[in-house]
Amino acid sequence: MNAAIASRRLTRLIVVALACVIAPQWTSEVRAHGVTLNIYHHLPADSPFHTRFLLPWKEKLENESDGHLRIQIHAAMQSGGSSLPLYDQVKDRTADIVWTPIENEAQRFPAFEVFNLPLMTNTGKGSNRALWEYVQTHNLAKKEFAGVRLLAVHVSTPRSGETPQLPPEGDLKFALLNTVFIFAMNADAYKSLPDELKKVITVNSGAETSARLGQILEDSWTSAIGPAAGDSARAADLRHRRVQSIVENRIKELDQRGLNGKELVESARALLAEYDPPN
């Protein structure tokens, strides 16, 4: 046998042997000690998000990982501080996972925040699914959320009838705009996990998780507040005209930032029509 060929084969055998020795040690360390992930959010521990979504989500991950994933939840900013820097904390890995609103950040996440416009939504389940698909369609995970891994998204919509007397023009955003939320994990924290634990995270995030989150929060809201009241004809007409003004202004702002504002808004509306049609 050629000496060079024999040498290469020997080198490959050594590499494979080392991999077989090292990999079980690494896996056994994870199996022995597990991986602890810390989740931070700004809501109280008795909030529907915490009790009806996050706690079951934590238990599901721990069970499906056979206890190798351990989740510690810090509600109401137990670590101190406010909700405003939560996104930055998960991006720089001060936190592993966060739940946080993305509001008044249109300069930072302009395409994502198209969904905080007063677009036509009907259900929490459907609008969340539409937002998730919108993120995938426009590759926002890389374009606007580089450094984090989105696990779920949520659209919180002002309920019709909550503001029968609409405020002056300057206060419109507080009366009509949606609030968009993200449930996100630090990208490096995710990449550092063994494949088996990555899979547990992956199957418990995405479109279906977002849809379930929307359904849970909508059901909790309806149970606490009751069915939404309808607008009067006059209030509905005024709301419609003001909504149009808000959308047109945002399209102009997006265009000025080099984005196709009309295309983004039409994309959002099309996905809402597909995933969240009127009942």
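Two strands are taken to pair if DSSP finds at least two bridges between them, and this criterion underlies the description of the sheet that follows. The model discussed here is a predicted one.

The bridge that opens the tour joins Tyr-40 to its partner Val-98, which lies in strand E3. It belongs to the pairing of strand E1 (35-41) with E3, two strands that run parallel and are joined by 3 bridges. On the antiparallel side of the account, E3 also pairs with E5, here over 6 bridges, and within that pairing Ile-97 has Met-185 of E5 as its bridge partner.

From these pairings one can step back to the whole sheet, which is open, is formed by 5 strands in the order E2-E1-E3-E5-E4, and has mixed pairing. Its edges are strand E2 (69-74) and strand E4 (148-156), each of which pairs on one side only. Between neighbouring strands of this sheet the average turn is 20°, with direction ignored. At the E4 edge, the partner is strand E5 (residues 179-186), which runs antiparallel to E4 and is joined to it by 8 bridges; in this pairing, Val-153 finds its bridge partner in Ile-182 of E5.

Two helices that pack on the sheet can be placed next. Helix H2 (residues 48-64) touches E1, E2, strand E3 (97-102), E4 and E5, and its direction makes about 160° with that of E2. Helix H4 (residues 124-137) touches E4 and E5 as it packs on the sheet, and its direction makes about 140° with that of E4.

How buried is E3 within this arrangement, and why can it be called largely enclosed? Buried means under 20% relative accessible area, and 6 of the 6 residues of E3 are buried, so the strand is largely enclosed by the rest of the structure. In a regular strand the side chains alternate between the two faces of the sheet. For E3 both faces are covered, with Ile-97, Trp-99 and Pro-101 buried on one side and Val-98, Thr-100 and Ile-102 buried on the other.

Helix H8 (residues 195-203) calls for a separate look, and its buried residues include Leu-197, Lys-198, Val-200 and Ile-201. These residues cover an arc of only 155° around the axis, which means that they lie on the same side of H8. The other side of H8 carries Asp-195, Lys-199 and Val-203, which are exposed.

Methods
Residues are numbered from 1 along each chain as its sequence is written. This is a predicted model: local features need pLDDT of at least 70, side-chain atom pairs count only at pLDDT 80 or more; totals for chains, interfaces and linings use all residues. Side-chain values use heavy atoms; hydrogens and water are left out. Helices (H or I, at least four residues) and strands (E, at least two) are DSSP runs, numbered from the N terminus. Axes are lines fitted to C-alpha atoms, for helices over the stretch in contact, and angles run from 0 to 180 degrees between N-to-C directions. Contact means heavy atoms within 4.5 Å. Buried means under 20% relative accessible area, exposed over 50%, partly exposed in between (1.4 Å probe, protein chains only). The arc is that of the directions from the helix axis to the C-beta atoms.
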